Amino acid sequence: MKTEKQLISLSAYILISKNRTSVFKALENNGKMPRDLAKETHIRPNYVSALLAELKEKDIVECINPEVHKGKVYILTEKGKQISEFMKKN
């Protein structure tokens, strides 16, 4: 479990970027492929991939099928879910 200070810091990291926030919010309910995220958020697919890489590096999202080349599905990690709950409360 993350401390409140860590949750505040990670929430701020997400919220300072409109596009990062859009991708994060789109993943709150279920897993999605990058192309679906691009359509839903109206962000270019190559930029969605870069955003997912940033969020993955911070252990906020994860790919649940990394072995496939096409059709990768991303979901929020436990840390990502904690951040989501924290953001909803505050």
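In the predicted model, helix H4 comprises 13 residues and spans 18 Å from its first C-alpha to its last, close to the 18 Å expected at 1.5 Å a residue. Four residues of H4 are listed as buried, namely Val48, Leu51, Leu52 and Leu55. Viewed down the axis of H4, these buried residues fall within an arc of 100 degrees, so they line one face of the helix. The face turned away from the buried side of H4 bears the exposed residues Asn46 and Glu57.

The packing partners of the buried H4 residues include both helices and strands. On the helical side, they pack against H1 (4-15), H2 and H3 (34-41). Strands E1 (61-63) and E2 (74-76) are also packed against by the buried residues of H4. Beyond the helix, H4 is followed by Asp59, which has a positive phi, near 60 degrees.

H4 also takes part in a salt bridge. The structure holds four such pairs, and one of them joins Glu54 to Arg20, with the closest N and O atoms 3.1 Å apart. Glu54 belongs to H4 (residues 45-57) and Arg20 to H2 (residues 18-26), so this pair ties together parts that are 34 residues apart in sequence. H2 is thus linked to H4 by the salt bridge and is also among the elements against which the buried residues of H4 pack. The two partners differ in accessibility class: Glu54 is partly exposed, with a relative accessible area of 28%, whereas Arg20, at 10%, counts as buried. Arg20 is placed in the buried class because its value lies under the 20% cut-off.

A further salt bridge, between Glu78 and Lys81, has its closest N and O atoms 3.5 Å apart. Both residues lie in helix H5 (residues 78-89), where they are three residues apart, about one turn of the helix. Glu78 is exposed, with a relative accessible area of 56%, while Lys81 is partly exposed at 42% relative accessibility.

Another of the salt bridges pairs Arg35 with Asp36, and here the separation of the closest N and O atoms is 3.9 Å. This pair is counted as a salt bridge because the separation is within the 4 Å cut-off. Arg35 is exposed, with 52% relative accessibility, and Asp36 is partly exposed at 29%. Arg35 is assigned to the exposed class because its value is over 50%.

Methods
Residues are numbered from 1 along each chain as its sequence is written. This is a predicted model: local features need pLDDT of at least 70, side-chain atom pairs count only at pLDDT 80 or more; totals for chains, interfaces and linings use all residues. Side-chain values use heavy atoms; hydrogens and water are left out. A salt bridge is a side-chain nitrogen of Lys or Arg within 4 Å of a carboxyl oxygen of Asp or Glu. Helices (H or I, at least four residues) and strands (E, at least two) are DSSP runs, numbered from the N terminus. Buried means under 20% relative accessible area, exposed over 50%, partly exposed in between (1.4 Å probe, protein chains only). The expected span of a helix is 1.5 Å times one less than its number of residues. The arc is that of the directions from the helix axis to the C-beta atoms. Contact means heavy atoms within 4.5 Å.
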